[in-house]
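Please open the model in a viewer and keep the sequence panel at hand. The tour below proceeds by selections, each followed by an account of what is found there.

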Amino acid sequence: MWSADVDDYMCFIDADDEYKPDFLEKMVRFINEYKLDIAVGGNDFIDPKNNEIIEVRKLNDILILENEGFSDFFPIYHRFARTVWGKLYTVKTMRLFDHSRSVPNLLYGGDTCEMFERFRNASRVGIYPEAFYKYYVYPKSTSKQFDPRRIESDQILHNMMIRFLKDKVGYVNDQNNEYLLGVYLNAVNDTLKVIYNSELSIQEKHLNMHWLFTCDTTKELASHNLQYFPELIKQREDLFNSIFDYNMRTRELRSDEGLQNIAEIFAAIKIYPFQFENWNDLEIFTLLLNMRAVSEDIEFIGRINNLIKSLFSDKPLLVEFNTDELVFFKDIIISILTNNLNETVLLIANVFINNQEVPLGSELKLLLLGLNVAAKLELSDYFVYFKKLHISFLIDLGEKELALAEISDWESLLPGDEDLGNLRNRLI
C-alpha cells in the first residue's frame, strides 16, 4: 500500500468469498463520479452447502455521506460499514489510518474498528445500491465459539461506535444512541446463546452471565426509554426474560455466591421475581435480601420490600414484623427458616444482653418472638429471662396493671426472686 500511488484503489477479500465480475468496473466509476474516498457495495450472504442466497443486503438508492450525513444516516450505513470487504478505498484515505486508535485483544470485531477508523478519515463515502460481494456463511465461525473476551469485545465495540460519532460529527444524538443500544442488544443475545450452548460448567456459565448483565452498557440498555426503534422493546423483554427464567429454574445456582450473582443480575436489569417455583423460603429470603442490598432504585427496592413482607405473611411468629425489621434481624430470621431455633433464642438474647441498637418499636416484637420460641423449646431459663424483660417493657409503656399482674403470677412461681422484687419496686 505504501508504494502505491495516491490515486490508486484498494479492496479486500476473504479467502473463501468472492466478488461479482462487475465489482471493480462499477465501483471505480462510482467512486470517480461522486468524488468519494470510500465506495461501499451490498452483500449476498450465501449458504456454502447449497450455494443458495440466505440474505441480500443492499440499498435501493445511492447514498452519499458527508458532514452531518454521517450522523443523520448512521442507522442506515452502519450495517454496511462494519466489514472491510465489499468496498473500494482510495489509497490516499487508507494512508490516513491511525494505528494508535486500534483496539487490542478483541475476540472479534477488529475489522469493524478498522473500518470506522477509515470512515473517520473519509470526507465522502458512497453506498451503491447493488450487491457485489458474495459472503459464504459458515455456522462454526470463530464468532460462534465462546471465549470470555467475547463479552468484553461487545462492550468495546459499543464504546468505539460512540467515540466514532463524537469524533466525526461532535455528538451522539438520541436516535443513534438508541440504535447502538439495539446493536449491543443483538450482540448480547448472540453471546448469551453461545454461553448457553458452551461446554462450561453451570457455575462458569453463570459467572459469565453475571459479567455480561451487570456491566454498565447492559445497565444502560435496561434503563433506557426506547422510543425510536419500538421493535427493540420486545427484543429487550425477550432477552431479559430468557436470563430471568434460566436463573429461576437452575437449582445449582442457589449457593450463597450464586444467589448473590442472581441478585446483582436482576437488580442490574431491573427485573424481579413475582413467583417462586421449587424455591424454599431461605433461598427466597436470601435472594430478596441480596437484591435489596445491591439496588439503588427506590421503586425497585419498594417492590422487593413487598415481596419480603408477603413471604412471611403466613408465618405466625414473624407476621408482625415489618420489612425493615425482617431485614435488620435477618440472622434471626434465617435461623428460624433453617429450623435452628436454639440459635434463634441465643441471637435474640444477645440483642438484649449487649444492648444492641434496634429499629424503633421492634423491641417488644422481638421479645415476644423470644418468648414464643423459648416456650416451644421448653427452655425455661430463657423463657424467664424474656418474661422479665417483657414485664420491664410493660412498665416503661405505662401498662402498670398488666405488669403488676405478671409480677404477682411469677412471684408465686419464683418466691424471693430479686429481679421480680426490683420490678415491683418500679411500680411504687
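Begin by selecting Asn51, which is exposed, with a relative accessible area of 53%. This is a predicted model, and the values that follow were computed from it. Asn51 is placed in the loop between E3 and strand E4 (52–57). Its backbone deserves inspection: phi is positive, about 60°, although Asn51 is not a glycine. Most residues other than glycine have a negative phi.

Next, select Asn67, where a positive phi also occurs in a residue other than glycine, here near 50°. Asn67 lies in the loop between strand E5 (63–65) and helix H2 (69–72). Is Asn67 buried or exposed? With a relative accessible area of 60%, Asn67 is exposed.

**The whole chain**

Zoom out and display the C-alpha trace. The protein chain has seven strands and 20 helices. Along its principal axes the trace spans about 110 × 45 × 35 Å. The radius of gyration of the protein chain is 33 Å, whereas a compact globule of 428 residues would have a value near 22 Å. Buried residues amount to 46% of the 428 residues. Among contacts with a separation of 6 or more, 71% are between residues 24 or more positions apart.

**Aromatic residues**

Now colour Phe, Tyr and Trp. A pair of aromatic rings is described by the distance of the centres and the angle of the planes. The count for this model comes to 31 aromatic pairs. Select Phe12 and Tyr89 as one example: the pair is edge-to-face, with 5.7 Å centre to centre and 75° between the planes. The pair links distant parts of the chain, 77 residues apart, since Phe12 is in the loop between strand E1 (9–10) and strand E2 (18–19) and Tyr89 is in strand E6 (residues 87–90). Phe12 counts as partly exposed because its relative accessibility is 27%, whereas Tyr89 counts as buried, at 0%.

A further pair to select is Phe328 with Phe329, which is edge-to-face as well, at 5.1 Å centre to centre and 90° between the planes. Phe328 is partly exposed, with a relative accessible area of 44%; Phe329 is buried, at 5%.

Return to Tyr89 and add Arg118 to the selection. Arg118 lies over the face of Tyr89, at 5.6 Å from the ring centre. For another such arrangement, select Lys168 and Phe70: Lys168 lies over the face of the Phe70 ring, 4.4 Å from its centre.

Then select Tyr19, Phe23, Phe30, Tyr34, Phe45, Trp85, Tyr128, Phe132, Tyr133 and Tyr135, which form one aromatic cluster. Within this group, centre the view on Tyr34, in the loop between helix H1 (23–33) and strand E3 (38–47). Tyr34 is partly exposed, with a relative accessible area of 25%. Setting aside residues up to four places away in sequence, Tyr34 touches Ile62, Ile64 and Arg124. A distance label from Tyr34 to Asp7, 27 residues apart in sequence, should read 15 Å from C-alpha to C-alpha.

**Helix H5**

Select helix H5 (residues 110–121). Its twelve residues should span 16 Å at 1.5 Å a residue, and the end C-alpha atoms are 17 Å apart, which agrees. Which residues of H5 are buried? They are Thr112, Cys113, Met115, Phe116, Glu117, Arg118, Phe119 and Asn121.

**The nonpolar cores**

In soluble globular proteins, nonpolar side chains tend to be buried together. The largest nonpolar core here has 65 residues, of which Phe213, Phe266 and Leu369 touch the most other members. Helix H7 (residues 174–197) gives the most to this core, with seven residues. Select Phe213 and show its surroundings: beyond residues up to four places away in sequence, Phe213 touches Val188, Leu192, Thr218, Leu239, Phe240, Ile243, Ile265, Ala268 and Ile269. A second, separate core has 45 residues, including Phe30, Leu59, Tyr77 and Tyr179.

**Final selection: Leu221**

Finish at Leu221, in helix H9 (residues 216–223). Why does Leu221 count as buried? Its relative accessibility is 1%, and the cut-off for buried is under 20%. Apart from neighbours within four places in sequence, Leu221 is in contact with Leu181, Tyr184, Leu185 and Arg236. Extend the selection to Ile269, which is 48 residues from Leu221 along the chain; their C-alpha atoms are separated by 8.2 Å.

Conventions. Residues numbered from 1 in each chain as written. Predicted model: local features only at pLDDT ≥ 70, side-chain atom pairs only at ≥ 80, totals over all residues. Heavy atoms only, no water. Phe/Tyr/Trp six-rings, centres within 6.5 Å; stacked < 30°, edge-to-face > 60°. Helix = DSSP H or I, 4+ residues; strand = E, 2+ residues; numbered from the N terminus. Buried < 20%, exposed > 50% of the residue type's maximum accessible area, 1.4 Å probe, protein only. Lys NZ or Arg CZ within 6 Å of the ring centre and 35° of its normal. Core = buried A, V, L, I, M, F, W, Y, C linked by side-chain atoms within 4.5 Å. Contact = heavy atoms within 4.5 Å. Expected span 1.5 Å × (residues − 1). Rg over C-alpha atoms; globule rule 2.2 N^0.38 Å.
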